[in-house]
Amino acid sequence: MEKFVVEGEVQLCGQVTISGAKNATLPIMAATLLCSGVSVVHGVPNLRDIKVMQDILTLLGAKIVREGNTLIIDTTSINHMEVPEHLMREMRASVFLMGPLLGRFRKVRLSYPGGCTIGPRPINLHIKALEKIGTNIKESFGFIIAEAAELAGGEIHFDFPSVGATENAMMAAALAKGTTVIRNAAREPEIVDLQNFLNRMGAKISGAGTDTIRIDGVPKLTATEHTVIPDRIEAGTYLVAGAMTRGDVVVDNILPEFLFSVTDKLQEIGVQIEIGRRYIRVKPGDLRGVDIKTLPHPGFPTDLQAPILSLLTIAKGTSIITETIFENRFKHVDELTRMGAKIKVEGRTAIIRGVPKLTGAIVAAPDLRAGAALVIAALAAEGISEIEHIYHIDRGYDGLERKLQALGARIVRQNCD
């Protein structure tokens with residue numbers, strides 16, 4: 001077990017380069033299963049979740065070589081249609097394997113996926129979507145067995161714009177006969193990136209980034225080469241870290257249009273923002289309280305709710321954050337309270353009364369984004385903080401302490417006693 005030890009009250013200054021998006025890479029890795037051949041994926045972050053997906057693909061029969069930030073994935077010898085239970089339980093994103101395995105082999109068996117404990121994330125929308133295009137699904141003793149004699153185009157309408165279910169349906173329908181239309185589809189940039197990857201393979205998909213996606217099935221896909229988009233959540237985290245420490249930080253290698261909901265809120269809070277073609281710069285300002293509601297894209301992202309809550313703990317006045325996506329996403333509140341924050345949670349709403357400063361404490365990361373929020377708080381807090389359970393943070397941030405150190409932070413990784 002490892003922890004971060006952080007000495008606070010240091011202004012972050014400099015430039016940080018953002019890695020490829022975890023939430024784009026994982027479904028693209030799964031999509032390589034749709035065909036036989038060697039696909040090359042560039043811009044792959046070095047993360048625990050990526051390693052788990054590599055392990056799963058390898059156990060299914062893939063041969064994978066990593067060269068820096070590039071994965072070379074050979075799916076020629078895929079010979080298993082069952083995902084090991086222990087790996088499914090490690091990572092929620094493993095559910096992405098249903099669509100491509102069904103598309104290529106018409107059969108898959110897997111257990112219910114695991115991952116962060118931020119609230120129920122039922123896969124009923126995935127199941128509903130796959131059934132609409134001809135899949136027969138049985139659930140028994142914690143396992144899902146999905147089979148299809150033939151996949152046929154159909155109409156899919158989601159009650160909620162689920163990112164994962166939208167992506168799973170896109171992958172399965174790419175090799176279905178006829179046309180599939182997904183309505184009330186999720187609109188996240190990572191879905192656009194998956195569409196671009198699938199179209200490079202020979203798929204005929206349009207509409208990603210809107211609420212209606214059309215997939216015209218093709219008989220065959222071929223391996224391809226692709227570079228994943230930058231990680232907007234990682235970028236947002238460093239923007240908030242710069243603002244929290246009243247620093248001057250340039251976040252580089254990003255697509256600013258993916259972060260307008262975040263930069264708008266930061267400006268409302270009082271942070272000075274400069275937006276370039278591939279960068280965003282934050283500079284100090286007088287922080288003041290705001291109201292925020294998390295929403296599906298293009299609304300304020302739930303994955304940045306925890307980091308911005310940390311920022312609001314030292315903003316003047318009262319702030320209110322309403323979490324509409326996940327019901328258990330305020331687990332970091334108790335830990336921030338240990339650091340002197342004044343926060344009250346009522347259901348899915350957190351009421352934050354700003355304090356002049358936080359103080360160092362020993363805290364534990366309850367999940368990925370909450371862990372990042374605690375690191376951000378520690379950077380601004382008086383004294384020394386220790387953040388335990390950082391394996392959660394390693395799931396989604398490539399070289400977090402290294403990048404923060406380059407900005408001047410005093411943060412080190414240590415073994416727990």
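This short talk goes through the overall build of one protein and the empty space inside it.

Before anything else, please keep in mind that this is a predicted model, in which local features need pLDDT of at least 70 and side-chain atom pairs count only at pLDDT 80 or more, while totals for chains, interfaces and linings use all residues. Residues are numbered from 1 along each chain as its sequence is written, and side-chain values use heavy atoms, with hydrogens and water left out.

Let me start with the whole protein, where 58% of the 417 residues count as buried, meaning that they have under 20% relative accessible area with a 1.4 Å probe and protein chains only. Among contacts with a separation of 6 or more, 73% join residues 24 or more positions apart, a contact being heavy atoms within 4.5 Å. The C-alpha atoms fill a box of roughly 65 × 45 × 40 Å along the principal axes.

Now to the space inside, and here a general point helps: rolling a probe the size of a water molecule over the atoms shows where empty space is left. A cavity is a set of points on a 1 Å grid over the protein atoms alone where a 1.4 Å probe fits but cannot get out, and its lining residues have an atom within 4 Å of a point. The volume is the space filled by probe spheres set on the points, which are joined across faces, edges and corners.

How many cavities of 30 Å³ or more does the structure hold? There are 3, and the largest contains about 50 Å³ of space. Its lining is made up of T237, Y238, A241, A372, V375, I376, L379, L400 and L404.

Terms used: On a 1 Å grid over the protein atoms alone, a cavity is a set of points where a 1.4 Å probe fits but cannot get out, and a pocket is an open set with protein on both sides within 12 Å along at least five of seven lines; lining residues have an atom within 4 Å of a point. Buried means under 20% relative accessible area, exposed over 50%, partly exposed in between (1.4 Å probe, protein chains only).
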